[in-house]
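User: I would like to learn how to read a structure like this one feature by feature, with the general idea before the particular case. Could you take me through it?

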Amino acid sequence: MNLRGLRVPRWLRRRGAIEIKTREELEVMRAAGLVVARTLELLTDAARSGVSTAELDDLAEQTIRDAGAVPSFKGYHGFPASICASVNDQIVHGIPARECVLADGDLLSVDCGAILDGWHGDAAVTISIGEVAAADRQLSAATEAAMWAGVAAVEPGARLTDISFAIESAADRAGEADGIEYGMVVEYGGHGIGRAMHMDPFLPNVGKPGKGPQLRTGMALAIEPMLSGGSGETRELDDGWTVVTEDGSRAAHWEHTVAVTDDGPWVLTAPEQASRPPEPRAR
Ligand code: MG
Ligand code: MG
C-alpha cells in the first residue's frame, strides 16, 4: 500500500464526543439510508452511455424529495448538486454537469446523501458504464471488498482503527490477487454520521489496528474507501471541489453508513433485506 501523503488523522488532534443513537433514532437513520439506497439503485440503472451526470443529479434530487427527504449535499459548503458524480480519474466530489456525458468504458462514482427527519444517510457506489476494462472492474471490486471488510470489523468493543486496518488489509489482498498495488487515497476517509453528515470521529482508511476510540452500540460510521490504479495521490481541480488522481489513474469509491449494534454491523444504506455484509464475492 502506498502511504505517501498520509496526514495525522483528525481524531488524534481533536477528540470530540461520538454521538450515541437510541434504537429508535437508528430506525430513522435506516429510513434515511433506504432513501439513499433506492436513489443509488435508480441511478445505477439510469447511468449509461449518452446520459449526462446532470441528468443523474436531477433524478437523484427528485427521488430524494419524493421520499420526503432532503438531499444533504445540495448547498453543503456551497456544493451545487444533490450527488457527487466523479468520472474516471475523478475520485470524489465531482460536480454533475450537462456537458459531462457518459460513454462506454467510463467508471462513474456516485456519492449520495439524504436527510430524513433530521437524520443522515450517506453512501457511494462505483458504476461501470457499458463495457469497461478488466482492470477497472477489478479496481471497483477491490474497493467494494475493502468497504465490506471495514463493515465486518464494526462491533461493540472494537477500536476505530480495527476498521482502518481491515480496509487496508483487504485492499492489499485484492491488489495481490489482481497483480497490482492499488493506491489508497488517504487524504479523505470515513466519518461519524447522525444528526449531521460529517461528525467525529474521522475514520482513516489505513492504519494499525487497536487505536482510536472504542466502538459502542449506537454509534454510526460512514465507511468509504477510495482506491486508484496508481499512486493514490490526489489533486483538487480549480472548481474547488473535484478531487482527481495526481497521476491520472482511475479511481473507485464505495461507501455505506453503518451502525454499531449488539447484533453486529447494521448497514443502514443497504437495500431492503440486504443490510448485512454479503459473502465475499468471487473475484
Ligand atoms: Mg458520501
Ligand atoms: Mg461520507
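Analyst: Let us start with burial, for which one cut-off is needed: a residue counts as buried when its relative accessible area is under 20%, and as exposed when that area is over 50%. Please keep in mind throughout that this is a predicted model.

User: With that cut-off, is Glu-168 buried or exposed, and in which helix does Glu-168 lie?

Analyst: Glu-168 has a relative accessible area of 13%, and therefore Glu-168 is buried. This residue belongs to helix H5, which covers residues 160-178. Its C-alpha atom is separated by 7.3 Å from that of Gly-207, although the two residues are 39 residues apart along the chain.

User: How should I read the chain as a whole, and what percentage of its residues is buried?

Analyst: Buried residues make up 57% of the 283 residues, and the chain has five helices and 15 strands. For a chain of 283 residues, a compact globule would have a radius of gyration near 19 Å, and the 17 Å found here agrees with that expectation. The C-alpha trace spans about 45 × 45 × 35 Å along its principal axes. Of the contacts with a separation of 6 or more, 72% come from residues 24 or more positions apart.

User: How do I read a helix, and which residues of H3 are buried?

Analyst: An α-helix has 3.6 residues a turn, so residues three or four places apart point the same way. In H3, the buried residues are Thr-53, Ala-54, Leu-56, Asp-57, Ala-60, Glu-61, Thr-63 and Ile-64. Their cover includes helix H2 (23-46), strand S1 (70-71), strand S2 (83-87) and S4. Length can be checked as well: at 1.5 Å a residue, the 14 residues of H3 (residues 53-66) should span 20 Å, and the end C-alpha atoms are indeed 20 Å apart. Just after H3, Gly-68 takes a positive phi of about 80°.

User: And a sheet: in what order do the strands of the open sheet with S12 come?

Analyst: Strands of a sheet pair through backbone hydrogen bonds, either parallel or antiparallel. Here three strands form an open sheet in the order S3-S12-S11, with antiparallel pairing. Strand S3 (90-92) and strand S11 (234-236) are the edge strands, each pairing on one side only, and the twist averages 40° from one strand to the next. Three bridges join S11 to strand S12 (residues 243-245), and Arg-235 has Val-244 in S12 as its bridge partner.

User: Finally, how do I read a metal site, and which residues are the protein donors of the magnesium ion (ligand 1)?

Analyst: One asks which protein atoms act as donors and where they sit in the chain. For the magnesium ion (ligand 1) the donor residues are Asp-111, Asp-122 and Glu-255, with donor atoms 2.0 to 2.5 Å from the ion. Asp-111 lies in strand S4 (residues 107-116) and Asp-122 in strand S5 (residues 119-128), so this pair ties together parts eleven residues apart in sequence. Asp-111 is buried at a relative accessible area of 8%, and Asp-122 is buried at 2%.

User: Which residues are the protein donors of the magnesium ion (ligand 2)?

Analyst: They are Asp-122, His-191 (through NE2), Glu-224 and Glu-255, lying 2.1 to 2.2 Å from the ion. Asp-122 in strand S5 and Glu-255, in the loop between strand S13 (251-253) and strand S14 (256-261), are 133 residues apart, and the pair links distant parts of the chain. Both Asp-122 and Glu-255 are buried. Asp-122 also bridges the magnesium ion (ligand 2) and the magnesium ion (ligand 1), which lie 3.1 Å apart.

Notes
Residues are numbered from 1 along each chain as its sequence is written. Chains are lettered from A and ligands numbered from 1 in the order in which they are written. This is a predicted model: local features need pLDDT of at least 70, side-chain atom pairs count only at pLDDT 80 or more; totals for chains, interfaces and linings use all residues. Side-chain values use heavy atoms; hydrogens and water are left out. Donors are N, O and S atoms within 2.8 Å of the metal (3.2 Å for Na, K and Ca); water is not among the atoms, so sites may look incomplete. Helices (H or I, at least four residues) and strands (E, at least two) are DSSP runs, numbered from the N terminus. Buried means under 20% relative accessible area, exposed over 50%, partly exposed in between (1.4 Å probe, protein chains only). The expected span of a helix is 1.5 Å times one less than its number of residues. Contact means heavy atoms within 4.5 Å. Two strands pair if DSSP finds at least two bridges between them. Axes are lines fitted to C-alpha atoms, for helices over the stretch in contact, and angles run from 0 to 180 degrees between N-to-C directions. The radius of gyration is taken over C-alpha atoms; the globule rule is 2.2 Å times the number of residues to the power 0.38.
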